[in-house]
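I am opening a notebook on this structure and will write down what I look up, one topic at a time.

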Amino acid sequence: MSAKKGREITISVLKFNPRSKISKPHFVDYKLEETPGMTLFIALNIIRETLDPDLSFDFVCRAGICGSCGMVVNGKPALACRTLITNYPSGKLQLMPMPAFELIKDLSVNTGKWMDAMSKRVESWIHTQKETDIEKIEQKVEPELAEETFELDRCIECGVCVASCATALMRPDFVGPVGLNRIARFEIDPHDDRTTEDYYELVGDDSGIFGCMSLLACQDHCPKHLPLQSKIAYLRRKLVSLR
Ligand code: SF4
Ligand code: FES
């Protein structure tokens, strides 16, 4: 008995190599058979293995952990490895690279460069004058605070929130939802001695907390479901008092 054939799907990819003098942005359609539980990540690998070895896209973990497979799927930024083909009843998917990041080729963008600049901008490390004595027991933290910090630390730096954000697309110096989330993470961490004034110095302008237009797309698309809007609102309430 022959196995039941899956439906035919069409994946249309915007291909472009900015380093080539002859390359021009153009869509290429790939037709393939859907298999049970197929993710976009699996489909792209089949395309690269059987139809187009030149197709570029990024992945590492295949499990929504490394944050490298972000792309725009039918107009919405998402992780390829967490996108199920079955959720697209038309069987047609159009893929584009995430905007706001440097394009490497096709669907591959340099989120690492952007995230590195953001981390430096928000000084993404614990600031304290206290000496650490490794002989001593660690400083205790209230469980609720530890949990809140851990919740925000789940960010995988995928860049999906940045690609979803109208402000980030309009102004390249915007620190993005991911940057504001990072500030919120250190602000609630009792190990960090920075004051509200210190955070105001870092993000108290339109390229920081006052650039957010509260359109909510960052939270809608964040694959880790981080509470971006409530944390941005919390930060804004704190910093606006210093204006
Ligand atoms: S906040 Fe969410 S969408 Fe933004 S980089 Fe982190 S995990 Fe990705
Ligand atoms: S491959 Fe790691 S998040 Fe998708």
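**The shell around ligand 1**

I began with the ligand, and by class I find eleven nonpolar, two polar and two charged residues in the shell around ligand 1. I note here that I am working with a predicted model, so every entry below describes a prediction.

Which residues come nearest to ligand 1? I looked through the 15 residues around the ligand and noted that Cys155, Cys158, Val160, Cys161 and Cys222 come nearest. I then asked which helices supply at least two residues each of this shell, and I found helix H4 (160–163) and helix H6 (176–188). H6 gives the most to the shell, with three residues.

**The chain as a whole**

I stepped back to look at the chain, in which I find nine helices and seven strands. The C-alpha trace spans about 70 × 45 × 30 Å along its principal axes. The chain has 243 residues, and 33% of them count as buried. I also looked up how the contacts are spread along the sequence: among contacts with a separation of 6 or more, 66% are between residues 24 or more positions apart.

**Helix H6 and its partners**

Having met H6 at the ligand, I looked up how H6 packs against other helices, starting with helix H3 (residues 143–153). The axes of H3 and H6 come within 9 Å and cross at roughly 160°. Are these two helices roughly parallel or roughly antiparallel? An angle over 145 degrees counts as roughly antiparallel, and therefore I write H3 and H6 down as roughly antiparallel to each other. The crossing in which H3 passes H6 is left-handed. On the H3 side the contact is made by Leu145, Glu148, Thr149, Leu152 and Asp153, and on the H6 side by Asn181, Ala184, Arg185 and Ile188. Sorted by class, this contact has four nonpolar, two polar and three charged residues.

Next I turned to helix H9 (residues 228–240), which packs with H6 at an angle of about 65°, the two axes being 9 Å apart. That angle makes H6 roughly perpendicular to H9. I recorded the crossing of H6 and H9 as left-handed. From H6, the residues Pro177, Leu180, Asn181, Ile183, Ala184 and Glu187 meet Leu228, Lys231, Ile232, Tyr234 and Leu235 of H9. When I divided the residues of this contact by class, I counted eight nonpolar, one polar and two charged.

**Two residues with positive phi**

I then looked for positive phi values in residues that are not glycine. Ala100 has a phi near 80°, and this residue lies in the loop between strand E5 (92–96) and strand E6 (102–105). Is Ala100 buried or exposed? I counted 21 other C-beta atoms within 10 Å of Ala100, and because 20 or more count as buried, I entered Ala100 as buried.

Leu216 also has a positive phi, of about 70°, and I found Leu216 in the loop between helix H7 (196–203) and helix H8 (217–221). With 15 other C-beta atoms within 10 Å, Leu216 is partly exposed.

**Pairs apart along the chain**

Asp205 is found in the loop between H7 and H8, and I entered Asp205 as partly exposed because 15 C-beta neighbours lie inside 10 Å. I looked up the distance from Asp205 to Arg243: these residues are 38 residues apart along the chain, and their C-alpha atoms are separated by 9.3 Å.

My next residue was Lys92, which lies in strand E5. Lys92 has 12 C-beta neighbours inside 10 Å and therefore counts as exposed. The C-alpha atoms of Lys92 and Lys31 are separated by 9.5 Å, with their positions 61 residues apart along the chain.

My last residue was Ile9, in strand E1 (residues 8–15), which is partly exposed, with 19 other C-beta atoms within 10 Å. Which residues does Ile9 touch, not counting residues up to four places away in sequence? I noted Leu32, Glu34, Ile85 and Gly91. For Ile9 and Gly208, 199 residues apart along the chain, I wrote down a C-alpha separation of 42 Å.

Terms used. Residues are numbered from 1 along each chain as its sequence is written. Chains are lettered from A and ligands numbered from 1 in the order in which they are written. This is a predicted model: local features need pLDDT of at least 70, side-chain atom pairs count only at pLDDT 80 or more; totals for chains, interfaces and linings use all residues. Helices (H or I, at least four residues) and strands (E, at least two) are DSSP runs, numbered from the N terminus. Two residues are in contact if their C-beta atoms, placed from the backbone, lie within 7 Å. A residue is near a molecule or strand if its C-beta atom, placed from the backbone, lies within 6 Å of it. Ala, Val, Leu, Ile, Met, Phe, Trp, Tyr, Cys and Pro count as nonpolar, Asp, Glu, Lys and Arg as charged, and the others, Gly among them, as polar. Axes are lines fitted to C-alpha atoms, for helices over the stretch in contact, and angles run from 0 to 180 degrees between N-to-C directions. Angles under 35 degrees count as roughly parallel, over 145 as roughly antiparallel, 65 to 115 as roughly perpendicular and the rest as oblique. A crossing is left-handed if the near helix is turned anticlockwise from the far one by less than a right angle, and right-handed if clockwise.
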